[in-house]
Amino acid sequence: MERDTHFILGVYDDEDVLLHAVEKVRGNGVKIHEVYSPYPVHGLEHVLGYKRSRLPIAAFLFGMLGTSLALTMQFYMMRFDWPMIIGGKDFAAFPDFIPVTFEMTVLLAAFGMVGVFMVSSNLKPWAQPRIFDIRSTDDKHVMAIDIAHNSALEIEKIKEILKASGATEVNNKSFE
Amino acid sequence: MAHHGEHHYNLDQRFEFSASIKKSIMTVLVIGAVLLGLGIVLAMTGGHHEEAGEAGGHAFHWYERLYANLWINNVFFTGIAIVGVFFFAIQFAAQAGWSAPILRVMLSFGNWLPIAGVLMIVTFFIANHDLFHWTHSYLFDTNDPQYDKIIDGKGAFFYWPMEKGTFPVFYIARMVIFFLFWVFFFNKFKKISDQEDQLGGTSHWFKMRSWSAYFLVFFAVSSSIAAWDWVMSIDTHWFSTLFGWYVFASWFVSGLSAITLLVLFLRGKGYLEMVNENHVHDLGKFVFGFSIFWTYLWFSQFLLIYYANIPEESVYFVERLTSDIYSPFIFVNLGLNFFLPFLVLMTRDAKRHGVFLKLVCSILLVGHWIDFFLMVQPGTLGHNGGIGLMEVGMFLVYGSAVALVVLGGLAKKNLIAKNHPMLEESYNHHI
């Protein structure tokens, strides 16, 4: 997939200014590529208009997979593969299976969720992250605007909007 | 929300306990009373003779079922009342801000505590032999053929410092002390909250936090001992080391459900306009989480007893699972109190919308009543128990009486602690 390479960056000092800025910028019809911040800003995903993450669905499905695997495994082992009498119970004594089933559900739900998150966030070890402004790991919030996605607006106009929204700096950024 | 704008809420609003609400509750109370009356008449006229000649045991009297019912509801509704106070105290100990507008809703459940205490003690004095096997003095007499060495060994826990089999001083003292302290803490919280309304400032919040911490320490011990005394001692020979937690979990889920229902009810009537779906979501998470916590304790108790299969332990479950009357309710209990809240409240949307929460919380109140029914009836009534008109009627009578007392108490003061230092934080609560 070819990635866009030319961006305009708005740099903000304050999270409250940032939150209002996101609304103003979007209100002016500018599409925001992403906002980078040194720490989670409460309500940011809301003003950016992000849809809710579908990660819980993945967690549920992986959890169900864990439940079924655990039950199948235990039932097969205890009833067919190597039946043993334990405490005078049936070979396939359901209550005995619950702790393992619970643990397998939690394990697969957790691992599955982490795996899906890493894949969907492109967090593979060999991934080369694009750094828009290194200060977004320190004390600045950085709003990235993709020029190619905002062809309806002139670049100067976008810069004006960013300035007016409270950005302390407006920079250009290009990747090779 | 992201916007920390100005909020203009009416902080002096007061719940108006209108005649129409009173009338609806009274209607439920009358229906309950009629069902209860019918149940009593049916129990008096039928079933008496066939049990009369029962070999070995004593004859069964209809009023034993009435007493067992009184006891189930005493314990269940005491739990809801004290959990209201407990959850209130937790908010201060945890320095929680989100819950500031609904603090008085939680606390209002404590209004039932004085009545619950009187009912509990009176019921104990009327029904002691019919509910608690250990109240028979022959159990402690070594010359009596019915002498019971195991109960004799536990006797001091009930009778100290008196002679075993006489008057259960220690037991009664614990019951009285628990209720006195609970009511004391409840009144203390109410008083500090009132002072805060009048004077403002943050000093009352710090005062409340200290008193909450004292209460929580006392509640940790008293709730556990109350569970042994009021519920576990019915099956006198049997014991379970996590019984205190198990009863607490059942109480906590019932209390949380009742608090959530009352908050949703008040919102539906137009009060508490600052309480939005974010606050409701948090209450929903508590109900969801502690339903699973209850299941965890229920299953932990069951699995160890089932797996070890030691007769003196497993008798508790054998008695319930082999009974035609009680065994279906074991599964009803798990279905209503685990599978239903687990599956229905799992998604975020279900916890944020009143419809699902109202449904689940109402069912949980019935479900946890059934849990207490399963703790009390098998040991007191044996095969003479069951859920009939008397049970349904008594539950409705108690439930509507609690509603009258709680709403009456809520209407006396402002609905919102208007000078609570964290109100602003709770307006901006966003999850």
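1. His8(B) is exposed, since its C-beta has just 5 others within 10 Å, and a residue counts as exposed at 12 or fewer. This is a predicted model. His8(B) sits in the segment that precedes helix H1 (19-45) of chain B. Compare its position with that of Val397(B): the two are 389 residues apart in sequence, and their C-alpha atoms are 40 Å apart in space.

2. Confidence comes next. Chain B has a mean pLDDT of 94, and 96% of its residues reach 70 or more. There is a weak stretch at residues 49-56 of chain B, where the pLDDT is below 50. Leaving aside near neighbours in sequence, that stretch makes five contacts in the model. For the complex, the predictor reports an ipTM of 0.82 and a pTM of 0.91.

3. Glu196(B) belongs to helix H8 of chain B. It is buried, because 21 other C-beta atoms lie within 10 Å and 20 are enough to count. Which residues does Glu196(B) touch, not counting those up to four places away in sequence? They are His204(B), Ala417(B), Asn419(B) and His420(B). The link to Asn419(B) bridges 223 residues along the chain, with 6.2 Å between the two C-alpha atoms.

4. Helix H8 of chain B deserves a closer look. It covers residues 169-199. Its 31 residues should span 45 Å at 1.5 Å a residue, and the end C-alpha atoms are 44 Å apart, so expectation and model agree. The buried residues in H8(B) include the aromatics Tyr171(B), Phe178(B), Phe179(B), Trp182(B), Phe185(B), Phe186(B) and Phe189(B). Also buried are Lys190(B), Ile192(B), Ser193(B) and Glu196(B). In an α-helix there are 3.6 residues a turn, so residues three or four places apart point the same way.

5. What covers the buried residues of H8(B)? The cover includes helix H3 (62-93), helix H4 (103-108) and helix H5 (113-131) of chain B. It also includes helix H7 (156-159) and helix H9 (203-230) of chain B. After H8(B) comes Gly200(B), with a positive phi near 75°.

6. Some backbone geometry should be checked by eye. Most residues other than glycine have a negative phi, and most peptide bonds are trans. The bond joining Trp160(B) and Pro161(B) is cis, with omega about 0°. Pro161(B) is placed in the loop between H7 and H8 of chain B.

7. Gln95(B) is not a glycine, yet its phi is positive, near 55°. It is in the loop between H3 and H4 of chain B. Is Gln95(B) buried or exposed? It is exposed, with 9 other C-beta atoms within 10 Å.

8. Asn122(A) also has a positive phi, about 60°, without being a glycine. Its loop runs between helix H4 (94-120) and strand E3 (141-146) of chain A. With 9 C-beta neighbours inside 10 Å, Asn122(A) counts as exposed.

9. Now the fold of chain A. It has five helices and four strands. From the N terminus, their order is β-α-β-α-α-α-β-α-β. The radius of gyration is 25 Å, well over the 16 Å from the globule rule for 176 residues, so chain A is more spread out than a compact globule. The C-alpha trace spans about 80 × 35 × 30 Å along its principal axes.

10. How much of chain A counts as buried? The figure is 18% of its 176 residues. Among contacts in chain A with a separation of 6 or more, 81% join residues 24 or more positions apart.

11. An unreviewed UniProt entry marks "transmembrane region" at residues 57-77 and 97-120 of chain A. In the model, residues 57-77 of chain A are 100% helix and 0% strand, and their end C-alpha atoms lie 30 Å apart. Residues 97-120 of chain A are likewise 100% helix and 0% strand, with 34 Å between the end C-alpha atoms.

12. Last, the interface. How many residues does each chain bring to the contact? Chain B supplies eight and chain A supplies nine. On the side of chain B that touches chain A, six residues are nonpolar, two are polar and none is charged.

Terms used:
Residues numbered from 1 in each chain as written. Chains lettered and ligands numbered in written order. Predicted model: local features only at pLDDT ≥ 70, side-chain atom pairs only at ≥ 80, totals over all residues. Helix = DSSP H or I, 4+ residues; strand = E, 2+ residues; numbered from the N terminus. Rg over C-alpha atoms; globule rule 2.2 N^0.38 Å. Contact = placed C-beta atoms within 7 Å. Expected span 1.5 Å × (residues − 1). Nonpolar A, V, L, I, M, F, W, Y, C, P; charged D, E, K, R; others polar. pLDDT = per-residue confidence, 0-100. UniProt positions renumbered as here; feature names shortened; annotations may be inferred.
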